[in-house]
Amino acid sequence: STQSTWVKKSSQSTETDELDQNDFEKAIGYLTKKNVGMSLEALGINLSTLVATLVVLLLLLLILFTFIFVGISAYALGGSFGAVVNSIIPAAAGLGLGNSDGVDAEESLDKDVVSETVLKINRVITSKNI
């Protein structure tokens, strides 16, 4: 098979059919890469999806920082009015966050989807197609 070809080529230098430590490490590295690749493929994750997600998240981060800095410069007023406005903003944000109803992380997970995904990954890891 093609997977064992590179192992045999590497072991031909010692003129035996046994694997030395270097060949074994290469084989384990190959199997690990193959398992990771098949697992990501089963989840529908590829390089273009990761790059697109990264670009979108970086753009959102840039927009958020721009919003914050423009807001700070807009409310950087001198005098007592500026001091009142600048102290009300964090107080209101703290009250808003304190009163929000947080959703429990366990409740937000769909256990059927998670179980199905774990089974898919398990099938990939134990697959004989590696």
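**Confidence, fold and the setting of Ser39**

In this predicted model, confidence is lowest in helix α1 (residues 2–11), where the mean pLDDT is 50. It is highest in helix α3 (residues 47–74), at a mean of 89. Across the protein, the mean pLDDT is 76. A value of 70 or more is reached by 75% of the residues.

The secondary structure is helical, with six helices and zero strands. Along the sequence, the elements follow the pattern α-α-α-α-α-α. Contacts between residues at least 6 apart in sequence were also examined by separation. Of these, 61% join residues at least 24 apart.

The protein has 130 residues, and 9% of them count as buried. Its accessible surface comes to about 10,800 Å². Carbon and sulfur atoms account for 66% of that surface.

Ser39 was considered in detail. This residue lies in helix α2, which spans residues 21–43. Its relative accessible area is 12%. Ser39 therefore counts as buried, because the value falls under the 20% cut-off. A polar atom of the Ser39 side chain lies 2.8 Å from the backbone oxygen of Asn35. That distance is within the 3.5 Å limit for a polar contact. Beyond its neighbours within four places in sequence, Ser39 is in contact with Ile121, Val124 and Ile125. The picture for Ser39 thus combines a buried position, a side-chain approach to the backbone oxygen of Asn35, and contacts with Ile121, Val124 and Ile125.

Terms used: Residues numbered from 1 in each chain as written. Predicted model: local features only at pLDDT ≥ 70, side-chain atom pairs only at ≥ 80, totals over all residues. Heavy atoms only, no water. Helix = DSSP H or I, 4+ residues; strand = E, 2+ residues; numbered from the N terminus. Buried < 20%, exposed > 50% of the residue type's maximum accessible area, 1.4 Å probe, protein only. Contact = heavy atoms within 4.5 Å. Areas by Shrake-Rupley, 256 points an atom, 1.4 Å probe, with all protein chains shown as cover. Polar contact = N/O pair within 3.5 Å; in protein donor to acceptor, adjacent residues only side chain to side chain. pLDDT = per-residue confidence, 0-100.
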